[in-house]
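Please open the structure in a viewer and keep the selection panel at hand. The tour moves from the whole chain to its core and then to its aromatic rings.

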Amino acid sequence: MHCPFCRSTDTRVLDSRVAEDGSAIRRRRTCPTCEKRFTTVEQMQLTVLKRSGTSEPFNRDKAVAGARKALKGRPVTEDDLARLGQTVEDTLRAGGWAEVPSNEVGLAILNPLKALDEVAYLRFASVYRGFESADDFESEIAALRAERITSPEYDETPQPTG
């Protein structure tokens, strides 16, 4: 590590701490040459392995852009999209892969998108999973309904008024 002040390559780590979300390490360093202190942040590079065999750094904006297309015309805010992007990245990082296969990126988008907007989820799933007929849509809608009925948030019991 080069000192940002004198460019010396002989720096010493004084303290290391893991960031709150666990995705980075913050190091406090000192330079014995100029005696100045500075901080560095080391972050794990998340890489996506594409179908073509090439790899590229994960780009949260690309994941959000795909979801944004599916959400076109839907009542969703930019904050909702930012949270979706963070959720996707957190899910991928938690997978522990050195290189994430590109299909896993799509899968990581599906669940948070389903929670955010079912219509957008169907749009995204239809492209991602290659729906070829109305039957594919009907099957996915039936699965959504079944999931909604079994989820704890779903309750058809009439609530008392007054």
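Begin with the contacts across the whole protein: among those between residues at least 6 apart in sequence, 40% join residues at least 24 apart. Please bear in mind throughout that the model is predicted.

**The whole chain**

Display the C-alpha trace and orient it along the principal axes. The C-alpha atoms fill a box of roughly 70 × 55 × 25 Å. The radius of gyration of the protein is 23 Å, whereas a compact globule of 162 residues would have one near 15 Å. Next, switch to a surface representation. The exposed area comes to about 11,000 Å², of which carbon and sulfur atoms supply 49%. Of the 162 residues, 30% count as buried.

**Secondary structure**

Change to a cartoon coloured by secondary structure. Five helices and six strands should be displayed. Followed along the sequence, their pattern is β-β-β-β-β-α-α-β-α-α-α.

**The largest nonpolar core**

Which residues of the largest nonpolar core touch the most other members? Select Phe58, Val88, Leu92, Ile109 and Leu113, which hold that position among the 25 residues of the core. Then colour helix 1 (60–70), helix 2 (78–94), helix 3 (102–116) and helix 4, the elements that give two or more residues to this core. In soluble globular proteins, nonpolar side chains tend to be buried together.

Now centre the view on valine 88. Leaving aside residues up to four places away in sequence, valine 88 touches Phe58, Ala63, Ala108, Ile109 and Pro112.

**The aromatic pairs**

How many aromatic pairs does the structure hold? There are two. For one of them, select phenylalanine 124 and tyrosine 128, whose rings are stacked, with 6.0 Å centre to centre and 15° between the planes. Both residues belong to helix 4 (residues 118–128) and stand four residues apart, about one turn of the helix. Is each ring-bearing residue buried or exposed? Phenylalanine 124 counts as buried because its relative accessibility is 13%, under the 20% limit. Tyrosine 128, at a relative accessible area of 31%, is partly exposed.

Move on to phenylalanine 131 and phenylalanine 137, which form an edge-to-face pair with 5.0 Å centre to centre and 90° between the planes. Phenylalanine 131 is buried, with a relative accessible area of 17%, whereas phenylalanine 137 is partly exposed, with 32%.

Definitions and conventions: Residues numbered from 1 in each chain as written. Predicted model: local features only at pLDDT ≥ 70, side-chain atom pairs only at ≥ 80, totals over all residues. Heavy atoms only, no water. Phe/Tyr/Trp six-rings, centres within 6.5 Å; stacked < 30°, edge-to-face > 60°. Buried < 20%, exposed > 50% of the residue type's maximum accessible area, 1.4 Å probe, protein only. Core = buried A, V, L, I, M, F, W, Y, C linked by side-chain atoms within 4.5 Å. Contact = heavy atoms within 4.5 Å. Rg over C-alpha atoms; globule rule 2.2 N^0.38 Å. Areas by Shrake-Rupley, 256 points an atom, 1.4 Å probe, with all protein chains shown as cover.
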